[in-house]
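Morning, everyone. I have one model to go through, and I will begin with the ligand site. Please look at the sequence and structure first.

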Amino acid sequence: MASNSMEDLVALCKRRGFIFQSDEIYGGQKGLYSFGPMGVELKNNLKQAWWKAMVWQRDDVEGLDASLLTSPNVLKYSGHEDTFTDPLSDCKDCKSRWREDQLTDGICPNCGSKNLTEARPFNLMFKTSIGPVDDGSSYAYLRPETAQQIFTNFKNVLDSTNRAVPFGVAQMGKSFRNEITPGKFIFRVREFEQMELEFFCKPDTDEEWFKYWVQSRIDWWLEQGIKKENLEVFEAPQDDLSHYSKATTDLLYKFPHGFEELEGIANRQDFDLGSHTKNQSEFNIKAKVMENKDSTTKLAVQDLDTKEWYIPFCIEPSAGVERGVFALLNEAYNEEEVEGKTRVVLSLKPHLSPIKAAVIPLKRNNEDLVNHAKDLKNKLQMLGMGRVILENSGNIGKSYRRHDEVGTPICITVDFETLENQTVTVRDRDTMEQKRLGPEELINSLLYTSPSPRDKSQYPIPA
Ligand code: ATP
């Protein structure tokens with residue numbers, strides 16, 4: 001049974017160390033969460049799976065890790081200073097504040113009053129001062145998306161790698177948005193991570209690449225364990241598009257609170273490279289762009305056949321790490337009856353599991369068993385599959401339960417027979433079956449915890 005209960009998931013996340021409310025001991029901060037011992041592993045594994053698929057397994061993408069503090073000029077020319085806003089209304093009676101789209105018939109959802117202010121724009125970016133004097137003259141923004149630094153580093157990447165269009169630049173990392181109504185657990189938070197690719201292509205190939213990336217991203221989420229029936233593809237209507245977008249397709253996931261955006265794929269055209277380019281009116285840019293007097297460079301490339309300069313178009317698949325973690329936990333959570341008791345099991349794909357294997361000595365006080373288990377743990381750890389843990393609690397039943405709940409694919413018990421012939425008992429998380437395996441078979445059973453290489457023939461690359 002898939003969990004549709006937000007409470008079950010939140011409770012599991014706290015109980016087993018996946019996700020905690022930030023600053024809980026001081027009453028908690030709305031919209032801020034910390035990832036615990038299991039959460040950080042799951043999150044890193046998800047990010048690593050994305051990086052492998054988007055960078056390592058491709059021949060046309062490079063990586064980047066740019067600064068979070070961003071110069072106001074970058075976010076002025078990107079349009080964020082002017083347009084990255086939510087219209088807000090205040091209730092004059094109960095003093096609550098609402099996004100315009102949360103109000104029905106102009107009624108305050110908190111107290112029912114109709115005494116609301118006109119909606120006013122509220123910028124979602126966090127601003128902070130830079131340098132020793134805090135007089136407002138020198139400031140930066142905490143980036144609201146990772147994308148802009150990819151555009152401003154476009155030439156650096158191009159010049160340092162000899163790439164030619166089409167190619168992409170991928171980046172994962174923190175973004176910050178002063179959301180008015182954070183909530184629904186980690187769905188909408190004020191500090192989160194994004195996994196973004198900016199894929200640059202020739203202007204007349206953008207629609208084909210857009211289709212390619214939508215399909216590729218759907219397939220990737222399915223590979224991570226999202227069920228097809230829980231994913232919906234939503235094409236944003238033309239009059240709902242952001243200022244830079246020619247087309248946007250959102251991948252919606254069926255979260256416990258309903259279908260909402262997990263990832264957005266946008267055709268950003270030549271808007272961003274164009275708007276960060278000096279004197280861009282020399283180029284025939286279709287998007288509405290401010291004339292740039294502050295930039296020092298041209299973010300353009302030369303067509304090797306015609307020798308003409310042009311600004312590449314850009315397709316952007318942009319996914320949220322927190323929303324990904326939330327969706328995958330929701331998919332993996334299962335409760336089942338086993339011998340009259342409820343078993344909670346997290347059937348994560350093994351490559352995402354926080355712990356790949358737990359090694360359990362049959363008796364916690366037997367030195368030979370414990371030493372053998374430690375040795376085995378170290379050997380398995382060296383395979384590079386991810387975290388392997390020594391579980392010396394002395395209670396095998398309890399260890400199984402804990403590892404079912406955090407999604408450990410196998411538990412390995414070291415017993416007296418192991419000391420004689422090296423075989424161990426391996427218990428499978430999903431089937432609960434136990435098998436006696438020798439060292440080689442054990443290693444083979446662990447190898448499947450790494451994400452499989454993607455079959456490139458599935459993704460015919462546009463010419
Ligand atoms: P929404 O409409 O839900 O606010 P958005 O369209 O503003 O999202 P984008 O700007 O397209 O989101 O950002 C790309 C991705 O970043 C989203 O698909 C989502 O996964 C993630 N994301 C955006 N805002 C948040 C947030 N406040 N908390 C967690 N993840 C977020």
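**Ligand site and two single residues**

The shell around the ligand is made up of 5 nonpolar, 4 polar and 6 charged residues. Here Ala, Val, Leu, Ile, Met, Phe, Trp, Tyr, Cys and Pro count as nonpolar, Asp, Glu, Lys and Arg as charged, and the others, Gly among them, as polar. This is a predicted model, in which local features need pLDDT of at least 70 and side-chain atom pairs count only at pLDDT 80 or more, while totals for chains, interfaces and linings use all residues. Residues are numbered from 1 along each chain as its sequence is written, and side-chain values use heavy atoms, with hydrogens and water left out.

Which residues come nearest to the ligand? Out of 15 around the ligand, they are Glu-179, Arg-188, Val-189, Glu-261 and Leu-262; a residue is near if one of its heavy atoms lies within 4 Å.

Now the polar contacts, meaning pairs of N or O atoms within 3.5 Å. Glu-261 places a polar side-chain atom 2.6 Å from a ligand oxygen. For Leu-262, a polar backbone atom is 2.9 Å from an oxygen atom of the ligand. Arg-323 has a polar side-chain atom 3.0 Å from a ligand oxygen. On its own the ligand has 590 Å² of accessible area, and the protein covers 80% of that; the areas come from the Shrake-Rupley method with a 1.4 Å probe.

As for secondary structure, strand 11 (191-201), strand 14 (258-269) and strand 17 (313-320) each give the shell at least two residues. Strand 14 supplies the largest share, 4 residues. Strands are DSSP runs of E, at least two residues, and helices are runs of H or I, at least four, numbered from the N terminus. Across the protein chain there are 13 helices and 24 strands.

Next, two individual residues. Arg-163 sits in the loop between helix 6 (154-161) and strand 10 (167-176). Is Arg-163 buried or exposed? It is partly exposed, because its relative accessible area is 26%, and that class lies between buried, under 20%, and exposed, over 50%, with a 1.4 Å probe and protein chains only. Arg-163 is 103 residues from Asp-60 in sequence, yet their C-alpha atoms are 7.9 Å apart.

Pro-72 belongs to helix 3 (residues 72-77). It counts as buried because its relative accessibility is 19%. Between the C-alpha atoms of Pro-72 and Pro-132, 60 residues apart along the chain, there are 18 Å.

Finally, the whole chain: of its 463 residues, 52% are buried.

Terms used: A polar contact is a pair of N or O atoms within 3.5 Å; within protein, one must be able to donate a hydrogen and the other to accept it, and residues adjacent in sequence count only if both atoms are side-chain atoms.
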